[in-house]
Amino acid sequence: MPTAAANIGVVGLAVMGSNLARNLASREGNTVAVLNRSRAKTDDLVALHPEAGFVPTFSYEEFAASLQKPRTAIIMVKAGLGTDAVIDELVRVFEPGDIIVDGGNAYFPDTIRREKAVRETGINFVGAGISGGEEGALLGPSIMPGGSDESWVTLGPILESIAAVAEGEPCVTHVGHGGAGHFVKMVHNGIEYADMQLIAEAYDLIRRGTGRSPAEIADIFAEWNTGELESYLIEITAEVLRQIDQETGQPLVDVIVDQAGAKGTGAWTVQTALALGVPVSGIAEATFARSLSSHPEQRAVAAHLPGPEGEFTVDDVDAFIEDVRLALYASKIVAYSQGFDEIRAGATEYGWSIDLGAVAKIWRAGCIIRAQFLNRIADAYAAEPDLPALLTAPYFAEALSRGQASWRRVVIAAAQAGIPAPAFSSSLSYYDGIRAERLPAALIQGQRDFFGAHTYRRIDKEGTFHTLWSGDRTEIPAVDTH
Ligand SMILES: NC(=O)c1ccc[n+]([C@@H]2O[C@H](COP(=O)([O-])OP(=O)(O)OC[C@H]3O[C@@H](n4cnc5c(N)ncnc54)[C@H](OP(=O)(O)O)[C@@H]3O)[C@@H](O)[C@H]2O)c1
């Protein structure tokens, strides 16, 4: 058995785990024990990176014996059954007070279940969302840990040492108890879906409206990346659009099959939002747009359906491009506002105390949605922690006001040209819905009362009412049945 030489261990040494283990090993004071189900990955990692000083182990007993107490292990294995299998083994060899961290992409209800079960053994369990892919894991990810305050005492300094740094601050915070970390990571991914879809719609509109080539549009995105839209996703969009396919000499974007894949976190975000009753229409449209793209058989039979007559051209190209930029920014504000609404609703539902401004701050570096813009969100929550809707904060309200005429022109142009812009248009509808003095929801309440006696409230007096629709249509006081 090895002596307890390591202060942290990693289980699961595929792409993410091996890079995270190297990141940990590169930080002052860390000695990292490593374990993988199949031996080869451990042997390869240790052989390829002697500088890391890894402590290789080949059984859970060896792994536990190699760790100082309280033992701390980060699991980076395939989410789902793999995670449960590793937790069972660690619980078998660990002791009360030790800490098990799941750094995989777990679905937050699984994390809630696991945390409860592991806590009963006296061992701490922390679900930690880790964003930034392979490069983030190696150089500094954005980390969203949940779990107990007790585990944060040991874990906090270790995670702070490996996280990305934004303006001198590590991109990690104790997000909240239980499954809060994986919940926040889930919404992060949902926002990522919306942001990517909005960028894709902006590209499509500019390309089809102005005839600019992908390389020319890359220049536009590169220019946008110097202003208020500055972000990793805008930056990589320019890179992708500039890329030429070596085989055909065509822009790479033109030879890639136009069917977007997904690993499910967008769908989780939308399903959870539906259950919480939070309208995350930008994320939902982005998720559905990927689904629509991925049904080639339906698209093939629908391809002959008529669109508008004539070519889509814009008269003033520069003005149109600026309209698209402003529409993109306005829609992005809506998508983020909706995502933060979902985090707030989740925190209320599950009893987590989540600092929304701190969440915005830890997304400023290391993760896919990293952007300057997140500073503005942090500022908004610092000024008003209980802000009911992010888009009403003065900075965002001003940006929406500045952009709304452009936003409307772009949505009109898309509709007239027959170009799908689901995220642009649904974000605009959300904006118009949330700011409306009166909504047709009143009519829906009337309809519900008509067919199901679901009752309604009145604007002019307290109480709940029902109209005797199949009787003499008088109104009677009623018990609220929603
Ligand atoms: N890839 C990314 O960009 C990214 C970003 C953020 C988060 N994540 C999350 O990070 C985690 C790791 O991702 P990854 O891409 O590095 O690896 P992965 O392909 O998701 O999983 C492979 C690893 O899981 C282990 N494993 C699978 N089933 C197991 C079981 N029943 N018992 C023990 N070990 C098992 C494998 O061991 P063997 O070698 O023995 O097969 C291997 O080490 C996942 O939860 C993933 O969703 C990934």
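**Reasoning through a ligand shell and its protein**

Mentor: Start with one pair: the side chains of Asn375 and Glu167 are joined by a polar contact of 2.8 Å. Remember that this model is predicted.

Trainee: What makes the pair of Asn375 and Glu167 a polar contact?

Mentor: Distance comes first. The cut-off for a pair of N or O atoms is 3.5 Å, and one atom must be able to donate a hydrogen that the other can accept. The side chains of Asn375 and Glu167 come to 2.8 Å, so the distance passes the cut-off of 3.5 Å.

Trainee: What does Asn375 touch, leaving out residues up to four places away in sequence?

Mentor: Glu167 and Arg364. Asn375 itself sits in helix 17, residues 373-383.

Trainee: Is Asn375 buried or exposed, and how do you know?

Mentor: Its relative accessible area is 10%. Buried means under 20%, so Asn375 is buried.

Trainee: And Glu167, buried or exposed?

Mentor: Exposed. Glu167 has a relative accessible area of 58%, and the line for exposed is over 50%. The contact therefore joins a buried Asn375 to an exposed Glu167.

Trainee: Where is Glu167 found, and what is its phi?

Mentor: Glu167 is in the loop between strand 8 (165-166) and strand 9 (169-170). Its phi is positive, about 50°, although Glu167 is not a glycine.

Trainee: Why single out a positive phi?

Mentor: Because most residues other than glycine have a negative phi. Ala453 also has a positive phi, near 50°. Ala453 lies in the loop between helix 20 (441-452) and strand 10 (465-467).

Trainee: Why is Ala453 called partly exposed?

Mentor: Its relative accessibility is 37%. Buried needs under 20% and exposed needs over 50%, so Ala453 falls in between and counts as partly exposed.

Trainee: What kind of peptide bond joins Lys69 and Pro70?

Mentor: A cis bond, with omega about -5°. Most peptide bonds are trans. Pro70 is in the loop between helix 3 (60-65) and strand 4 (72-75).

Trainee: Now cysteines. How many disulfides does a search of the whole structure find?

Mentor: Zero. A disulfide is a covalent bond between the sulfur atoms of two cysteines.

Trainee: Why is there no bond from Cys171 to Cys367?

Mentor: The sulfur of Cys171 is 7.2 Å from that of Cys367, its closest cysteine sulfur. The cut-off is 2.5 Å, so the pair is too far apart for a bond. Start from Cys367 and its closest cysteine sulfur is in Cys171.

Trainee: What makes Cys171 and Cys367 buried?

Mentor: Cys171 is at 0% relative accessibility. Cys367 is at 0% too. Under 20% is buried, so Cys171 qualifies, and so does Cys367.

Trainee: On to the ligand. Which residues come nearest to it?

Mentor: Met16, Asn36, Arg37, Ser38 and Lys41, out of 20 residues around the ligand.

Trainee: How do you know that Met16, Asn36 and Asn105 have N or O atoms within polar range of the ligand?

Mentor: Set each distance to an oxygen atom of the ligand against 3.5 Å. A backbone N or O atom of Met16 is at 2.8 Å. A polar side-chain atom of Asn36 is at 2.8 Å. A backbone N or O atom of Asn105 is at 3.1 Å. These distances are within 3.5 Å, so the three pairs pass. As for cover, the ligand taken alone exposes 890 Å², and the protein buries 75% of that.

Trainee: What is the make-up of the shell around the ligand?

Mentor: The shell divides into 10 nonpolar, seven polar and three charged residues. Helix 1 (15-25) and helix 4 (81-93) each supply at least two of them. Helix 4 gives the largest share, three residues.

Trainee: What makes helix 1 mostly covered?

Mentor: Eight of its 11 residues are buried. Among them are Gly17, Ser18, Leu20 and Ala21.

Trainee: How do you know that Ser18 belongs with the buried residues?

Mentor: Ser18 has a relative accessible area of 14%. That is under 20%, so Ser18 is buried.

Trainee: Which backbone oxygens does the side chain of Ser18 reach?

Mentor: The backbone oxygen of Ala14 lies 2.8 Å from a polar atom of the Ser18 side chain. The side chain of Ser18 also reaches the backbone oxygen of Val15 at 3.3 Å. Further along the chain, Ser18 touches Gly12, Leu13 and Leu45, not counting residues up to four places away in sequence.

Terms used:
Residues are numbered from 1 along each chain as its sequence is written. This is a predicted model: local features need pLDDT of at least 70, side-chain atom pairs count only at pLDDT 80 or more; totals for chains, interfaces and linings use all residues. Side-chain values use heavy atoms; hydrogens and water are left out. A residue is near a molecule or strand if one of its heavy atoms lies within 4 Å of it. Accessible areas come from the Shrake-Rupley method with a 1.4 Å probe; for residues, only the protein chains shown count as cover. Helices (H or I, at least four residues) and strands (E, at least two) are DSSP runs, numbered from the N terminus. Ala, Val, Leu, Ile, Met, Phe, Trp, Tyr, Cys and Pro count as nonpolar, Asp, Glu, Lys and Arg as charged, and the others, Gly among them, as polar. Buried means under 20% relative accessible area, exposed over 50%, partly exposed in between (1.4 Å probe, protein chains only). Contact means heavy atoms within 4.5 Å.
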